[in-house]
Amino acid sequence: MTRRELRTKSFLLLYRTFFYTPEEMEEQKELFVEEIQEKASKEDIDFILNRVDSVMGKLEEIDAVIEEKAVNWNINRIDYIDLTIIRQAYYEIKYVEDVPTAVAINEAVDIAKIYGSQDSYSFVNGILAKMI
């Protein structure tokens with residue numbers, strides 16, 4: 001898979017965390033792997049699962065930065081899709097050394113254009129720009 005496809009798949013799995021408990025997420029991960037295993041290599045699957053676990057492991061810190069930078073927006077009011085995209089992108093910006101900031105933001109905006117609402121991409125872009 002391309003890096004973009006890996007980001008998109010990671011986003012889709014990370015999005016599920018809003019709807020399932022941590023215990024249920026283990027089963028969701030297994031189901032997700034079953035869904036993609038024909039098109040994904042073992043390395044791709046490992047990347048996706050690792051990315052989701054890594055973002056979730058830094059969630060408190062990531063959400064604190066979002067809360068600080070999203071002026072006039074309580075994190076609980078941010079659309080789940082937008083919040084998932086922002087979380088993943090900020091994780092890449094802050095913790096993944098081989099991903100340039102501009103690439104992480106551009107990829108986040110592109111995912112928002114596909115999966116978010118009409119205004120998601122500009123909201124995601126604006127929040128991420130404040131976070132860097």
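Student: Which residues in α7 are buried?

Tutor: Happy to start there! This is a predicted model, where local features need pLDDT of at least 70, side-chain atom pairs count only at pLDDT 80 or more, and totals for chains, interfaces and linings use all residues. Residues are numbered from 1 along each chain as its sequence is written, and side-chain values use heavy atoms, leaving out hydrogens and water. Buried means under 20% relative accessible area, exposed over 50%, and partly exposed in between (1.4 Å probe, protein chains only). In α7, a helix (a DSSP run of H or I, at least four residues, numbered from the N terminus), the buried residues are Ser120, Phe123, Val124, Ile127, Leu128 and Met131.

Student: Where do the buried residues of α7 fall, seen down its axis?

Tutor: The arc is taken from the directions between the helix axis and the C-beta atoms. The buried residues of α7 line one face of the helix, because they fall within an arc of 125°.

Student: What covers the buried residues of α7?

Tutor: Look for contact, meaning heavy atoms within 4.5 Å. The cover includes α4 (59–69), α5 (80–95) and α6 (101–115).

Student: Is Tyr20 buried or partly exposed?

Tutor: Tyr20 sits in the loop between α1 (3–15) and α2 (22–36). Its relative accessible area is 33%, so Tyr20 is partly exposed.

Student: How far apart in space are Asp46 and Ser117?

Tutor: Asp46 belongs to helix α3 (residues 42–57), and its relative accessible area of 37% makes it partly exposed. Along the sequence, Asp46 and Ser117 are 71 residues apart; in space, C-alpha to C-alpha, the separation is 30 Å.

Methods
Helix = DSSP H or I, 4+ residues; strand = E, 2+ residues; numbered from the N terminus.
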